[in-house]
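Open the model in a viewer and keep the selection panel at hand. The stops below go from charged pairs to ring pairs and then to the nonpolar cores.

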Amino acid sequence: MNKMIKAFVMDIDGTLTDGGLYIGNDGEVAKRFHVKDGYAVHDILPSMGIIPIVITGRKSEIVSQRCKELGISHLVQESKNKVEDLKKILFYEKIDLDETAYIGDDLNDLPCMKIVGIKGCPSDAVEEIRQIADYVTKQTGGNGAVREFVEWLKKKESLEEKRC
């Protein structure tokens, strides 16, 4: 029997956003988030008893604000070692790696994805990520891919509960 998922880890650029960086004259970076992804993180994950976590290599006040809106208390920005950061959070929450789902899109997500229980990616993720994913969404990053993966995970866990 598989363990139930207790943590859901997300990358930002290319996963919760479309990966585009909109830079103004003053250097301000803007990002576009999809409301359906936000609903999945804010409403569906907590209803499943799953803690949302964001680990990203970039730093942005916009990301801090969005995570606050969505109720994400575990946010790591400017991560130099996503695996180390992930393990620290899971240790704090007393969650095993095999009780963790991760959605990412690029090579910097690969080390974490290799060690977690369930891995997903947007349809426009790089080939190396798509090859190891348990689920590749039909949606691209920033266009409902996180929502789709969460809904797939919810169906998967419901089926496993029925089998037990």
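Select K88 first: in this predicted model, its relative accessibility is 51%, and because exposed means over 50%, K88 counts as exposed. Add E84, which is partly exposed at 42% relative accessibility. The two side chains form a salt bridge, with 3.5 Å between the closest N and O atoms. Both residues belong to helix α4, and since they are four residues apart there, about one helical turn separates them.

Stay with the charged side chains. Salt bridges with shared partners join D11, K82 and D109 into one network. Within that network, display K82 and D11, whose side chains meet in a salt bridge at 3.1 Å, N to O. K82 lies in helix α4 (residues 82-93) and D11 in the loop between β1 and α1, so this pair ties together parts that are 71 residues apart in sequence. Are these partners buried or exposed? K82 counts as buried at 8% relative accessibility, and D11 counts as buried at 4%.

Next, select R58 and D13. They form a salt bridge in which the closest N and O atoms are 3.5 Å apart. This pair links distant parts of the chain: R58 sits in the loop between β4 (51-55) and α3, D13 in helix α1, and their positions lie 45 residues apart in sequence. R58 is partly exposed, at 38% relative accessibility, whereas D13 is buried, at 15%. To complete the charged pairs in your own display, look for nine salt bridges in the structure.

Now switch to the aromatic rings. How many aromatic pairs does the structure hold? There are four. Select F8 and F149, a tilted pair with 5.6 Å from centre to centre and 40° between the planes. F8 is in strand β1 and F149 in helix α7, so the pair ties together parts that are 141 residues apart in sequence. Both F8 and F149 are buried.

Keep F149 and add Y135. The centres of these two rings are 6.3 Å apart and their planes stand at 10°, so the pair is stacked. Y135 lies in strand β8 (residues 135-136) and F149 in helix α7, 14 residues apart, and the pair links distant parts of the chain. Y135 is buried, as is F149. Add W152 to the selection: ring pairs link F8, Y135, F149 and W152 into a cluster.

F8 also leads to the nonpolar cores. Which residues touch the most other members of the largest nonpolar core? Among its 23 residues, they are F8, M10 and V146. To see where this core draws its residues from, colour β1 (7-10), α1 (12-16), α2 (35-47), α3 (61-70), β6 (100-103) and α7 (145-163), each of which supplies at least two of them.

Centre the view on V146. With its neighbours within four places in sequence left aside, V146 is in contact with F8, M10, T15, L16, D37, V41 and I103.

For the last stop, select I95, Y102, C112 and A133. These residues are included in a second, separate core of 19 residues.

Key:
Residues numbered from 1 in each chain as written. Predicted model: local features only at pLDDT ≥ 70, side-chain atom pairs only at ≥ 80, totals over all residues. Heavy atoms only, no water. Core = buried A, V, L, I, M, F, W, Y, C linked by side-chain atoms within 4.5 Å. Buried < 20%, exposed > 50% of the residue type's maximum accessible area, 1.4 Å probe, protein only. Helix = DSSP H or I, 4+ residues; strand = E, 2+ residues; numbered from the N terminus. Contact = heavy atoms within 4.5 Å. Phe/Tyr/Trp six-rings, centres within 6.5 Å; stacked < 30°, edge-to-face > 60°. Salt bridge = Lys/Arg side-chain N within 4 Å of Asp/Glu carboxyl O.
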